[in-house]
Amino acid sequence: MDNRNLLLAVVLSGLLILGWDVGLRYFYPEASMSAQTSPKAATAAAKQAAAAKGAGGLGAETAARKVDLKTALTGGNRVVIDTPRLEGSINLVGARIDDIELKNYRETVKKDSGPVRLFSPEGTKSQYFAQFGFVVNGNRQDPNLLWQADGTKLTPTTPVTLTRTEADGVTYRIRFAVDENYMITASQSVSNAGAVPAVVQPFALIKRTSTNATIDQYASHSGPVGVFGGKLYDPHSYAELEEIFAPLRKQFEVGQISEIPSDKPEGAPDWLGFTDQYWLAALVPGDGKGNVKVDDAGFRSLGSTLYRTDLIYGPTTVPAGRSLTQETRLFAGAKDSRILDKYEEGGITNFGLAISWGWFAIVEKPILWLLRTLNGVVGNFGLAIILLTVIIRGLMFPVAQKGFASMAAMKAVQPKMKEIQERFKDDKQRQQQEIMKLYKDEKVNPLSGCLPMLIQIPVFFALYKVLVLAIEMRHEPFILWIKDLSAPDPAHILNLFGLLPFVLPEHSFLAIGPLAVLLGITMWLTFKLNPAAMDPVQQQVFAIMPWMMMFVMAPFAAGLLLYWVTSNILTVAQQSYLYSKHPQLKAAAAAEKAKAAKG
C-alpha cells in the first residue's frame, strides 16, 4: 500500500505539471469569439446602434501618417511631463498625452537600457496614447486642433490648462494635473460666452496598436480590461476583439447595420482601458464609482492592429452665459499592486483587479507580501524565495512528520493486509470492507503520506502567479548568471552556455539550464530515499519522472525552479531526519530496495 501511495503522489505531481495548461484553462477560462458567433454580436450591435453617434460617437478615423518616434517628439507644441515616476510630454495638437516613459523601469535587464516607453505618438511604430476633447452638437471637434497652454511643464505641483476659444464664443478648457504616482486628472470644462446654447459631450479615449502588446495568457491577461457595474470585464484578447469587429465593419460598409457600437458589458463603467503583463492605461470617469452619466464606454477594433477604448459622457446643453465641467482620470503606469490598491481605497471600484490575480488571490497576495518583507531583510528576491521555501516547509513539517508516521504504521499492518487479501481474494468488495475496517481499528490513514504534497500545490501555483504578475519580480536578479527571476534560466547547457553557434528558441523545453538540471537531480534524490517500488511499472515511472520534469520545467521562471530545487533539498534533509525517527520504516525501505535489486 505504501508503494501505491507513492505512485499516487507521483501521478499527482505529474498531473500538476503536465496538466498545467488544462488547469489554467479551467480556472482562467478565456472567452472565445469565433467568426461563427459574429452574427450574434452583429445583432446585439445593431440593437445598440441608437445609443452611438457615428463610430462610437467620435466619427471615423483616417489612417495616420507614418512617422518615426524621434521626429514625432522633436517638433514643437509640447508641454513637458515630469514627476517622480513619469517623464514625457503632452502634444498640444489634439490634446494628446502621447509621450510617457516610466522612470523606475528599464526596457531590458541591461544596465544601459533606456526606461520603459508606455505611450508613443500616433503614426509611430508603437503608437499608444490618450486623447481628450469634446463632441459639440453631435460632431466631434477636429482631432488635430491646436490648443494653447498656460504653462510649459506638468508636475505634481504645477498643473497645466489647455484652452481653445471658437468663433461662436464658446471656450473649451482641459486642465491637467498629475500626482506623485501614475494618475493624471483631466478636468474638461466649457464656458459659453456666445448667444446660442451648445450641446456638449466631453470625451476621452485611449488608442493603441497591438503589435507591441504582451502575449495574452491564461495566467496574465493582455488586452481590453475594465470594471463595469462593479464587475471585472476582460473576456477578449486583441485578436478576439478583431474577430468580433471585422464582420461588423463589413456589414456597416454594405449598409446592413447603421452603426458600429463598442464592445461592452452591462453596467455603468467604473474604469476601462488596456492592460499588458506589467503596464496599464485606463480611463476613470468621475470618481470611479460608476455614478456618472455616460453615453458610451467600451472597446473597439479599428482594423490594422489598432484598438480604441472610448469614454463619451452624456450630452449636456450649455446655455449662453453658463458653463460645464467634467473630470476624467487617466492611469498610465506600472501595475504595482500597492499603488493600485491605494487608488481602490481612494474610491476607484475594484481597481486592483487590473492585475489578473484570479480567484487564487487569497494565497497569492500573502505570498507576495511575505516575499516583499523577506526581500526587505535580505535585499535579494532569490534569497527571499529560498527563505519563503524554508518557512513553508517548516510550517508543513508537522504534517510531513505525521505522514511518515502513517507510513510506518502502514508497514506495521502490511502482514494483516496480506492476510485479508488472501482470505477474501475471490470477494473484492468484502476485501475492501475488511481493509477499511483494519485502517479504522489500527487508526491508519493511507492518504496522509500524500498530504504534504497536496498542501504544497496551492503554494506552488500561487508562487507561479506571483512570479508572472508581480512587477516587483520583473528584472530582479539572484546570483551570477540569473539576472531576472521572472524569466526562464538564460543559461542553456545544450549550446554550452552560448559557446556553440546556435540559439535555442525562447521558452523551449530544450532550453535546459543549470536550475532545471538541479531540479532533476534533487527530485531523483527524493525518490531514492523513498521505499522502492516492487511493481516494475512503478520503478520505471520513478526512474523517468525526475528527468521528464527537468525538461517540462525548463521554460518556467527561474524563481519557480529555485523554489522547487530548494524544496527538494529540504525534502531530502527532512526524509533523512524522519527516517532516523522511524527506524522500522528505514529498515523496510532498505529491505525492499535489496529485494528489488535482486528481482
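This passage describes the nonpolar cores, the aromatic pairs and one helix of a predicted model.

The largest nonpolar core comprises 127 residues, and within this core the residues with the most contacts are Ile97, Phe119, Phe176 and Phe351. Helix α11, spanning residues 451-469, supplies the largest share of the core, namely 10 residues. Apart from this core lies another one, of eight residues, including Val413, Met417, Phe424 and Val444. The arrangement may be read against a general tendency: in soluble globular proteins, nonpolar side chains tend to be buried together. When residues up to four places away in sequence are left out of the count, Ile97 touches Ile81, Ser89, Ile90, Phe119, Phe129, Ala130, Phe132, Phe176, Ile184 and Leu330.

The aromatic pairs number 22. One of them joins Tyr238 and Tyr307 in a tilted arrangement, with 5.0 Å centre to centre and 55° between the planes. Because Tyr238 belongs to helix α5 (residues 238-253) and Tyr307 to strand β18 (residues 306-313), the pair ties together parts that are 69 residues apart in sequence. Tyr238 has a relative accessibility of 7% and therefore counts as buried, and Tyr307, at 4%, likewise counts as buried. A tilted pair is also formed by Phe461 and Tyr464, with a distance of 6.5 Å centre to centre and an angle of 40° between the planes. Both of these residues lie in helix α11, three residues apart, which is about one turn of the helix. An α-helix has 3.6 residues a turn, so residues three or four places apart point the same way. Phe461 is buried, with a relative accessible area of 11%, and Tyr464 counts as buried at 11% relative accessibility. Ring pairs further link Phe228, Tyr233, Tyr238, Phe274, Phe299 and Tyr307 into a cluster. In a contact of another kind, the charged end of Arg208 sits over the ring of Tyr128, at 4.2 Å from the ring centre.

Helix α7, which covers residues 361-378, contains 18 residues and extends 25 Å from its first C-alpha to its last, close to the 26 Å expected at 1.5 Å a residue. The buried residues of α7 are Ala361, Glu364, Ile367, Leu368, Leu371, Arg372, Leu374 and Asn375, a list that includes Glu364 and Arg372 alongside Leu368 and Leu371. The helix is followed by Gly379, whose phi is positive, near 75°.

Terms used: Residues are numbered from 1 along each chain as its sequence is written. This is a predicted model: local features need pLDDT of at least 70, side-chain atom pairs count only at pLDDT 80 or more; totals for chains, interfaces and linings use all residues. Side-chain values use heavy atoms; hydrogens and water are left out. A nonpolar core is a set of buried Ala, Val, Leu, Ile, Met, Phe, Trp, Tyr and Cys residues joined through side-chain atoms within 4.5 Å. Buried means under 20% relative accessible area, exposed over 50%, partly exposed in between (1.4 Å probe, protein chains only). Helices (H or I, at least four residues) and strands (E, at least two) are DSSP runs, numbered from the N terminus. Contact means heavy atoms within 4.5 Å. Rings of Phe, Tyr and Trp (its six-membered ring) pair if their centres lie within 6.5 Å; planes under 30 degrees apart count as stacked, over 60 as edge-to-face and the rest as tilted. A charge sits over a ring if NZ of Lys or CZ of Arg is within 6 Å of the ring centre and within 35 degrees of the ring normal. The expected span of a helix is 1.5 Å times one less than its number of residues.
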